Amino acid sequence: MIKAEINDLELKNHLASLEEDKMRMFIMADGRVRGALFHGSRFVNQLRAQHNLGILETYILGQASLCAALTIPMMKDMEHTVIKYEGSGPLDGYSVEADSTGYVRGYLYNDKIPVKKALENWNLTPFLGPGNITFSRVHQDDKYPQSSTVDVDGDNIAKDFATYFAQSEQINTAFNSSIQFDNKGRVVGAGAMYLQIMPVTGGTAKVGSQVDSHQEEDFDMEELLNKVENAFKACPSLGLLYSEKEVDSEDIILGLFREFNPTITLQRDIIYDCKCNEEYYLNYLKHLPKDQIEDMKKNGPDPLEITCRNCGSIYKIPLSKI
């Protein structure tokens, strides 16, 4: 990827003053609940710079990419996930990819969304429209991806992700993503969080090792769900929180979920990045049919400009290299 520079000095100084972008994974309630909190202020600003996006486009791709990043802690071994939304609105949809190594990339199917009047809220139905979301997972030794599709409303991306996990994975999962803009349209804060309720038998040895009765699991599941849901809903806007210099991610986790005794198990970097490079595209061009290559050398243009749709990088390849 050719990394796009963020040239707004005021924005750069603001980002430099914030807690660094990190994802923090945690467990709580004796292992019955797992989750992750991702501070992604620089992450969202980078994807915006890569694709040169407006405010609404940044909001939509940013939300999708933040939620995609949250799927990384759920991955098993080496895994790559492609998440595609196909909707009935003018945006058409989006594609985002998350990799277990810690990078996310993606793009909007239509990155110039017509807006006819001032937005009253962030309901995305007029732009995404009802549609379907597909998760395609590829593990290291898989020949083909494993895909699953569910219908979603398209009004809220975090809710669409939660709907997918509830219907396809049969796992109670909640997503929360937020992007804060200032009065000049800059992204000054961004973050996302997910929680999953694990089966009783998936908890700690103390809680789950002796439990094999669905009746016992159902008995305390509802109470736990209600308590965790209430704590999750009490979370203020993560984008607003992360726009403030004194905010600390560990304090957010411990403050929200104190009654469940959360333990932060791991911190890791998550970045907006893409594995594209000039060599990849040059190799592709060299394997085109000879008549096409000759036509390009005769009629141009020179250099060829190839744009990576996943990250917006523009590669200018001289015809003499082909």
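Does Asn-52 count as buried or exposed, and at what relative accessibility? Select Asn-52 to begin the tour, bearing in mind that what you have open is a predicted model. At 64% relative accessibility, Asn-52 counts as exposed, because the cut-off for that class is over 50%. Asn-52 sits in the loop that leads between α2 and α3, and its phi is near 55°, a positive value in a residue that is not glycine.

**The helix before that loop**

Now select residues 41-51, which make up helix α2, together with residues 9-16, which make up helix α1. The axes of these two helices are 10 Å apart, and the helices pack at an angle of about 150°. Angles over 145 degrees count as roughly antiparallel, so α1 is described as roughly antiparallel to α2. In passing α2, helix α1 makes a left-handed crossing. To see the contact itself, show the side chains of Leu-11, Leu-15 and Ala-16 on α1, and then those of Ser-41, Arg-42 and Asn-45 on α2. Sorted by class, the residues in this contact are three nonpolar, two polar and one charged.

**The helix after that loop, and the sheet**

Move next to helix α3, residues 55-70, which lies across four strands, namely β3, β4 (93-99), β5 (103-108) and β11. If you set the view along β5, helix α3 can be followed running at about 145° to that strand.

Those strands belong to an open sheet of six strands, which you can trace in the order β7-β6-β3-β4-β5-β11 and in which the pairing is mixed. At the edges of the sheet are β7 (146-152) and β11 (271-272), each of which pairs on one side only. Within the sheet, select strand β3 (residues 79-87) and strand β6 (residues 131-139), which pair in the antiparallel sense over nine bridges. A convenient place to check this pairing is Thr-81, whose bridge partner in β6 is Arg-137.

**A second loop residue with positive phi**

Go on to Gln-170, which is found in the loop between α4 (157-169) and β8 (173-181). Gln-170 is not a glycine, yet it has a positive phi of about 60°. With a relative accessible area of 64%, Gln-170 is exposed.

**Towards the end of the tour**

Select Leu-288, which has its place in the loop between α9 (278-286) and α10 (290-299). The relative accessible area of Leu-288 is 18%, and Leu-288 is therefore classed as buried, for which the value must be under 20%. Which residues does Leu-288 contact, once its neighbours within four places in sequence are left aside? The contacts of Leu-288 are then with Ile-293 and Met-296. For a sense of scale, draw a distance from the C-alpha atom of Leu-288 to that of Arg-32: the two residues are 256 residues apart along the chain, and these atoms are separated by 54 Å.

Finally, follow the chain past α10 to Pro-301, which is placed in the loop between α10 and β12 (304-307). The peptide bond from Gly-300 to Pro-301 is cis, with omega near 0°. Pro-303 also lies in the loop between α10 and β12, and here the peptide bond from Asp-302 to Pro-303 is cis, with omega near 5°.

Definitions and conventions. Residues are numbered from 1 along each chain as its sequence is written. This is a predicted model: local features need pLDDT of at least 70, side-chain atom pairs count only at pLDDT 80 or more; totals for chains, interfaces and linings use all residues. Side-chain values use heavy atoms; hydrogens and water are left out. Two strands pair if DSSP finds at least two bridges between them. Contact means heavy atoms within 4.5 Å. Axes are lines fitted to C-alpha atoms, for helices over the stretch in contact, and angles run from 0 to 180 degrees between N-to-C directions. Angles under 35 degrees count as roughly parallel, over 145 as roughly antiparallel, 65 to 115 as roughly perpendicular and the rest as oblique. A crossing is left-handed if the near helix is turned anticlockwise from the far one by less than a right angle, and right-handed if clockwise. Ala, Val, Leu, Ile, Met, Phe, Trp, Tyr, Cys and Pro count as nonpolar, Asp, Glu, Lys and Arg as charged, and the others, Gly among them, as polar. Buried means under 20% relative accessible area, exposed over 50%, partly exposed in between (1.4 Å probe, protein chains only).
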